[in-house]
Amino acid sequence: MRFKCTMGLRNTLIVMALLLSVSTIPFSGAASLKSHAFFNETGELPCHFPNTQNLSLDELVIFWQDQNKLVLYELFKGQEKPNNVHPKYIGRTSFDQDSWTLRLHNVQIKDTGLYQCYIHHKRSQGLISIHQMSSDLIVLANFSQPEINLIANQTEKSNIIDLTCSSMQGYPEPQGMYVNVTTKNSTITYDAVMKKSQNNITELYNVSISVSFPIPPETNVSIICVLQLEPRKIILSLPCNIDAKSPVPSPPVPDHILWIAAVLVTVVIVCGMVFLTLKKRKKQQPGPSNECELQEPDRSDEVQCDVNISKTASGNKSATDF
């Protein structure tokens with residue numbers, strides 16, 4: 001029992017001495033390889049040990065440290081040493097012996113940073129450093145697809161559109177957000193100040209913008225929200241389509257007005273016909289005549305003769321003078 005305790009203490013002292021010795025080596029002194037991982041998924045921290053001497057794991061001491069000198073994983077002569085691992089990494093790592101790669105599971109935004117692996121050859125005279133490598137882990141989180149929400153405060157006669165566009169749970173902070181408004185003949189971009197908030201625990205960002213702009217009522221409009229992540233990387237929302245407004249129809253004429261109009265038209269037509277008939281009869285009436293008009297007397301033995309008095313008198317005078 002005492003022997004086991006002594007051996008455990010001895011291994012611990014060796015590891016502590018090893019950590020102290022390698023902690024003085026700056027990260028910048030080794031080649032660094034960028035490695036990307038997504039939030040809540042698995043990241044890889046490669047070591048790329050060439051092993052030209054074909055050494056077995058029983059002859060090696062391997063471990064990874066983060067930029068704060070905290071141990072992620074240790075393999076001492078083929079045996080894992082969880083007691084030397086920092087609590088934040090317990091149960092989150094696995095070592096691939098074929099590729100000499102350490103996998104870090106359930107990656108969080110705070111895991112972003114520089115990591116370094118160390119390999120030492122364990123000999124009778126002590127530990128000899130034979131390899132080290134740096135890995136720059138970059139943790140990303142995909143933003144949700146931007147979502148457009150129209151603010152229902154415009155009237156039927158208004159051509160102004162108010163909307164918000166939002167995207168959630170992403171990292172790192174995006175570069176900007178804007179709206180493209182497309183009609184049949186043109187596309188106009190409307191920028192706005194991007195509002196952002198960051199979760200204190202996950203460190204993920206939520207972003208949004210509010211935009212107000214006029215639209216032509218006589219044409220169809222398509223609105224797309226654009227989230228700019230990098231100079232050449234964007235995320236597009238689903239299009240929000242607004243159809244052209246239909247012309248406002250004239251109000252229907254009440255039935256009683258139609259009846260009144262029909263009666264008035266009928267009266268006008270009848271009056272016109274009566275007027276034309278009277279005028280035609282007046283033109284057909286004969287003028288005064290010299291001829292006697294025999295009129296049927298009241299009694300059968302009487303005959304009346306109407307003669308123009310002026311003309312008769314004149315005729316008689318002429319006859320006398322002659």
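**Strands, sulfurs and a surface patch**

Author: Let's start with one pair: phenylalanine 63 faces tyrosine 118, which sits in S8. Keep in mind that you're looking at a predicted model.

Reader: Okay. How many bridges join strand S3 to S8, and do they run parallel or antiparallel?

Author: S3, residues 60-65, is joined to S8 by 6 bridges, and the two run antiparallel. On its partner S9 (residues 126-140), S8 has 11 bridges, again in the antiparallel sense. One of the pairs there is histidine 120 with serine 129 of S9. Just 2 residues lie between S8 and S9, which form a hairpin.

Reader: Is S8 largely enclosed or open to the outside?

Author: A residue counts as buried when its relative accessible area is under 20%. In S8 (residues 113-123), 8 of the 11 residues are buried, so the strand is largely enclosed by the rest of the structure.

Reader: How many disulfides does a search of the whole structure find?

Author: First the idea: a disulfide is a covalent bond between the sulfur atoms of two cysteines. The search finds 2 of them here. In one, the sulfurs of cysteine 47 and cysteine 117 are 2.0 Å apart. The torsion about that S-S bond is about 85°, so this disulfide is right-handed. It ties together distant parts of the chain, 70 residues apart: cysteine 47 is in the loop between S2 and S3, and cysteine 117 is in S8. Both of these cysteines are buried.

Reader: And which cysteine is bonded to cysteine 165?

Author: That's cysteine 225, with the sulfur atoms 1.9 Å apart. Here the S-S angle is -105°, and the link is left-handed. Cysteine 165 belongs to S11 and cysteine 225 to S16, 60 residues apart along the chain. Cysteine 165 is buried at 0% relative accessible area, and cysteine 225 is also at 0%.

Reader: In what order do the strands of the open sheet with S11 come?

Author: The order is S10-S11-S15-S14, with antiparallel pairing. S10 and S14 stand at the edges with a single partner strand each, so one side of each has no neighbour in the sheet. On average, neighbouring strands are turned by 20° against each other, direction ignored. S10 and S11 share 4 bridges, and glutamate 147 is paired with serine 166 in S11.

Reader: Which residues form the nonpolar patch on the surface?

Author: Val265, Ile269 and Met273, with about 300 Å² of accessible area together. Isoleucine 269 lies in helix H2, residues 255-284, and is partly exposed at 49% relative accessible area.

Key
Residues are numbered from 1 along each chain as its sequence is written. This is a predicted model: local features need pLDDT of at least 70, side-chain atom pairs count only at pLDDT 80 or more; totals for chains, interfaces and linings use all residues. Side-chain values use heavy atoms; hydrogens and water are left out. Two strands pair if DSSP finds at least two bridges between them. Axes are lines fitted to C-alpha atoms, for helices over the stretch in contact, and angles run from 0 to 180 degrees between N-to-C directions. Patches are made of residues with over 30% relative accessible area and no salt bridge: like charges are joined within 9 Å, nonpolar side chains (Val, Leu, Ile, Met, Phe, Trp, Tyr) within 5 Å. Accessible areas come from the Shrake-Rupley method with a 1.4 Å probe; for residues, only the protein chains shown count as cover. A salt bridge is a side-chain nitrogen of Lys or Arg within 4 Å of a carboxyl oxygen of Asp or Glu. Buried means under 20% relative accessible area, exposed over 50%, partly exposed in between (1.4 Å probe, protein chains only). A disulfide is a pair of cysteine sulfur atoms within 2.5 Å.
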